[in-house]
Amino acid sequence: MFERIVYQSTASQEFGSLALFRLLTEAQLRNAHLQITGHLLFLNGQFTQCLEGPPRNVELIWQSLQRDTRHHSIELLVRHATEERRFPAWSMAFSTYNSYYVHGMQGFFPLDGDAQSPVVHLCTSDVDSSGNAPNVGVHHA
Ligand SMILES: Cc1cc2nc3c(=O)[nH]c(=O)nc-3n(C[C@H](O)[C@H](O)[C@H](O)COP(=O)(O)O)c2cc1C
């Protein structure tokens, strides 16, 4: 049994492509170690991240994220148990503007003019259009 969380946060700094590359590389390394997979969307200075994996490890990352001053106003949108991973192939897929691409970025998906990539919807489909997530706070052990 896995757990999935989706949250949104606001970047505390102007992120250039190198800072994003560093953040992503660090995340992918630790996630691989903790059997975490997921997706990070960076759009208009906001992050939307989907994390999935063993509940204990998801919680470890969640606690780390709370301490990280590179973002603030962290809002949990979805937290629930799940049988299946949506991003089995990526320790952290990443969708953002093509201009942020740095050679060597793993799992990079450029956003199109509608701010969509082939995987964005996999991350956000639990969050209804009003921004309310029916599963927030529900935690099946
Ligand atoms: C938007 C954002 C997304 C992040 N995603 C991850 C992630 O998926 N996995 C991860 O290990 N760290 C991620 N980090 C970094 C963590 O917040 C933290 O710096 C890192 O895990 C080290 O944890 P520690 O400070 O508890 O040692 C992310 C940071 C930010 C700002």
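Visitor: Which element gives the most to the shell around the ligand?
Guide: This is a predicted model, in which local features need pLDDT of at least 70, side-chain atom pairs count only at pLDDT 80 or more, and totals for chains, interfaces and linings use all residues. Around the ligand stand 17 residues, each with its C-beta atom, placed from the backbone, within 6 Å of the ligand; the closest are Ala27, Arg30, Phe47, Ser64 and Asp68. Two or more residues of the shell come from each of α1 (17–34), β3 (46–53) and α2 (55–67), where helices (H or I, at least four residues) and strands (E, at least two) are DSSP runs numbered from the N terminus. With five residues, the element that gives the most is α1.

Visitor: How many residues of the shell around the ligand are charged?
Guide: Residues are numbered from 1 along each chain as its sequence is written. Ala, Val, Leu, Ile, Met, Phe, Trp, Tyr, Cys and Pro count as nonpolar, Asp, Glu, Lys and Arg as charged, and the others, Gly among them, as polar. The shell divides into eight nonpolar residues and four polar ones, and the number of charged residues is five.

Visitor: In what order do the elements of the chain run?
Guide: The chain holds three helices and six strands. From the N terminus on, their order is β-α-β-β-α-β-β-β-α.

Visitor: What is the radius of gyration of the chain?
Guide: The three helices and six strands belong to a chain whose C-alpha atoms fill a box of roughly 40 × 35 × 30 Å along the principal axes. For 141 residues the globule rule (2.2 Å times the number of residues to the power 0.38) gives 14 Å. The chain is as compact as a globular protein of that length, because its radius of gyration, taken over C-alpha atoms, is close to that value. The radius of gyration is 14 Å.

Visitor: How many residues are in the largest nonpolar core?
Guide: A nonpolar core is a set of buried Ala, Val, Leu, Ile, Met, Phe, Trp, Tyr and Cys residues joined through C-beta atoms within 7 Å. Buried means 20 or more other C-beta atoms within 10 Å of the residue's own, exposed 12 or fewer, and partly exposed in between, with C-beta atoms placed from the backbone. In the largest such core, Ile5, Val6, Leu40, Leu41, Met92 and Phe94 touch the most other members, and the number of residues is 23.

Visitor: Is Gln28 buried or exposed?
Guide: Gln28 is found in helix α1. Leaving aside neighbours within four places in sequence, Gln28 is in contact (C-beta atoms, placed from the backbone, within 7 Å) with Ser91, Met92 and Gln106. Because 21 other C-beta atoms lie within 10 Å, Gln28 is buried.

Visitor: Is Asn44 buried or exposed?
Guide: Asn44 is found in the loop between β2 and β3. Although Asn44 is not a glycine, its phi is positive, about 50 degrees. Because 8 other C-beta atoms lie within 10 Å, Asn44 is exposed.

Visitor: Over which residues does pLDDT stay under 50?
Guide: pLDDT is the predictor's confidence in each residue, from 0 to 100. The chain averages 90, and 90% of the residues score at least 70. The model has 14 contacts beyond four places in sequence for the stretch where pLDDT stays under 50, residues 134–141.

Note on methods:
Two residues are in contact if their C-beta atoms, placed from the backbone, lie within 7 Å.
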